[in-house]
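Reader: I am new to this one. Could you take me through the structure step by step?

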Amino acid sequence: MASDDTPKTPGTADEWDRRDALRAVAAVVRGDGIEVDADSTPARWSITVVHDVTVPGTDRRLRLRFRVPVGPLPDVEAELWGLLVAPEGFGRPQAKLLGKQVKAAVLGSPAIAKAKARVDAWFRSMEERAAGFGEAWRPKAVADDLGRAATFGGRIPRLQALLDALEEGFSTAAARIGQRVRRQQLENASGLGVYLDSFAAARAMVRKLRLFVGPTNSGKTHAAMDRLAAAESGCYLAPLRLLALEGQEALETRGRACSLVTGEERDVRPGAGFVSSTIEMVNTARVWGACVIDEIQMIGDPDRGWAWTQAVAGVAAPEILMTGSADAIPYVKRLADAMGEDLEVVEFTRKSPLRVQEEPVALSNVKQNDAVVAFSRRDVMGLRRDLLARGHTVAVIYGALSPEVRRAEARRFREGQADVLVATDAIGMGLNLPIARVVLSVTRKYDGREERELNASEIRQIGGRAGRFGMHEEGRVAVLEGESINSVRRALTSPPVPPEDPRSWISPNLIHVEAIARELDTDSLVKVLRTAGQELLRASQTFRMTDLEQRIQAAAAVDKAKLPLATRDMLARCPVDVRDQNQLRLLAQWAFNQGRGMPNRAPEAAERFSHRVGTDVELEAAERAVKDLTAYAWLSYRFPEAYPEMDLCLERRAMLNAFIERTLAERSLARACPTCGTRLKANHRFRVCDSCYAQRVDRSAGPRGDRRGRPAEAGGAAHPHFHHAQKPPPAQPGRGRPPSRRRGGKGAQP
């Protein structure tokens, strides 16, 4: 390549001269939007075209700018070479002269008309495709999408890039509209779009809604039960079997024969006109004289709130009495407005004062009739151990215990056999206890999704259990040493904060599930539930879809069984803990056997607990065995031929409950190795026995010692993640804290 200062022969030109000349010509015509690719041979020209279009269906005009390739201009190229070798050479006059030819050639190119025609054709195509969306098509909104797609951040794209961007903008809008149309079709087909109309008996009646709100210990439920007992017939709906049992007893003490119906229990009294049941078992087909719906604030719960919505919307009774905290008011008002029914709110005041104790409570200062509240089984048992070491007798209540055991533990506390209660927020509903002071060990909990601060409603519900009217002059709420009282004070002294979203939760029933399956043309229960959970009720002003994730996980366990969709949907509602893989596997096995026509036997784990009391490991195993038997009983009521051993199931569950009650009533809970079951001495420092730990070390370390190069005998620190030391009871009075109080679990919920 020649250098720039190499002299040229007069009358000759090379490629570099040509490119310089082309750039000079392009500079002349740049104001007309004409550009050149001087590096190509021959040179290729393009022009920026401005084209105004009107978006179909609107008066919105879009000014589109795009580059159109014109291609080579052979005549200009030949003229250029001629000017380059002319004696006078190529200068600005020659560039202006040639620029006029370029401008005329480019502006007269048929490529411009073809490009505009392509743009117009695309908009016609868009209009034709949009017609398929009918009334769902919103052209003004789409015009905004297209306007944004065509801007390119101020850059001028080539024609094809512009068309691609417009197509992407339309496709996005079309997908959004198509999804909305699909959602509408699914909602219409399933009936979820007209959820209230599915309760024909209730809609045919003139109903009066009465909402009794107030703090705990205000007499609102007592007043509602008096009105219920005055009716000719009625139902009492509770969130827990314990509350349903209390409801049955409350009606019978008022002279009304009352049956009991729960998920796994039927106590039908001949001729009874009243039924007390858990809220999921509500009968919306029968006409009642009155209905009491307890703990109505649960209507705002994302997991179970759908059952309260179903009851409020669906019970056919002239008077619907709802009792609970004032947190429920916005939800019930929104629902009442949607139903077009009158709502009367009656406020109750607490019968005995509830006070905040500003001073934190040391564990050594826990007194008789105190209830210490934690939010996981592990923390409850740790507090129990520490309080026993301080000379207390302790009753415990937590979510993993069956209702029978919870009631037995409550009775021990009520009758004075235990002077202190340690519990999760399971005491927040369904138990009347002689608690003088509630002491929160923590003000945070893990709710199954995240660890968070207790909300005001939870603090009021738990703290309100203190100071039962007729038992104590006042109730007090405090926190354990090391926690802040601020959130408790705010919750107990401030009015409820309205929820950000007061829409009620609903859940698809079998009719909805089967309709969605037909619309999707699928037999997969998982697909039906996931579609319902992700796509439906997005635009509803009254309802929103409940969290279906647990039901979906249960559905995945039973979906492969050769069973009808309706049967699999019922199996997916079985009360199993989906976080427990053993329970999910058991449910899948039951479904598989049921699909093959093989009867399922009642779980046999109870036979291992025939001795009087057990260890901490056996206690936890017994609790899991009760859950398995409860699930079996639930299924046996619905599929007696597939689960024929109901009597044996109830017998085993009673045996296990008695074993758990005896073990919890012991002064101290014996410890055992969770691996082999060998009993450990009370002062054994580690969680597992020495033998099991040594085997672990040997398997991990091998003959050459552990991974750090130390011999296996030096074991203690080789597996710190497994061989946990047990913390002894605190040595300093007043400074006691449970071993772990960081996280609770969903299993701790009632």
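Author: Certainly. The model is a predicted one. Among the contacts in the chain with a separation of 6 or more, 73% are accounted for by residues 24 or more positions apart.

Reader: How many helices and strands does the chain have?

Author: The secondary structure comes to 23 helices and 23 strands.

Reader: And what percentage of the residues count as buried?

Author: Of the 750 residues of the chain, 51% count as buried.

Reader: Which residues have the most contacts inside the largest nonpolar core?

Author: They are Ile 293, Ile 296 and Val 315, in a core of 133 residues. Helix H21, residues 616-638, gives this core its largest share, 11 residues.

Reader: Is there another core, and what belongs to it?

Author: Another core, of 48 residues, lies apart from the largest one. Ile 47, Val 76, Val 106 and Phe 170 are among its residues.

Reader: Back to Ile 296, then. What is it in contact with, leaving aside neighbours within four places in sequence?

Author: With those neighbours left aside, Ile 296 is in contact with Leu 211, Trp 308, Val 312, Met 322, Thr 323, Gly 324, Ala 328 and Val 332.

Reader: Let us change topic to helix H12. What should its span be, at 1.5 Å a residue?

Author: Helix H12 has 13 residues, 377-389, and should span 18 Å. Its end C-alpha atoms are 18 Å apart, which agrees.

Reader: Is H12 largely enclosed or open?

Author: H12 is largely enclosed by the rest of the structure, because 10 of its 13 residues are buried. The buried residues include Arg 377, Asp 379 and Arg 384 as well as Val 380, Met 381 and Leu 383.

Reader: What do those buried residues pack against?

Author: The buried residues of H12 pack against strands E13 (370-373), E14 (394-397) and E15 (420-423), and also against H21 and helix H22 (646-665).

Reader: What comes just after H12?

Author: Gly 391 is found just after H12, and this glycine takes a positive phi of about 95°.

Reader: One last topic: at what angle do helices H9 and H13 pack?

Author: H9 (residues 241-253) and H13 (residues 403-414) pack at about 70°, and their axes are 9 Å apart. The two helices are therefore roughly perpendicular to each other.

Reader: Which residues make that contact?

Author: From H9 come Arg 241, Leu 242, Leu 245 and Glu 249, and from H13 come Pro 403, Glu 404, Arg 406 and Arg 407. The residues of this contact divide into 3 nonpolar, no polar and 5 charged.

Conventions:
Residues numbered from 1 in each chain as written. Predicted model: local features only at pLDDT ≥ 70, side-chain atom pairs only at ≥ 80, totals over all residues. Heavy atoms only, no water. Core = buried A, V, L, I, M, F, W, Y, C linked by side-chain atoms within 4.5 Å. Buried < 20%, exposed > 50% of the residue type's maximum accessible area, 1.4 Å probe, protein only. Helix = DSSP H or I, 4+ residues; strand = E, 2+ residues; numbered from the N terminus. Contact = heavy atoms within 4.5 Å. Expected span 1.5 Å × (residues − 1). Axes fitted to C-alpha atoms, helices over the stretch in contact; angles between N-to-C directions. Parallel < 35°, antiparallel > 145°, perpendicular 65-115°, else oblique. Nonpolar A, V, L, I, M, F, W, Y, C, P; charged D, E, K, R; others polar.
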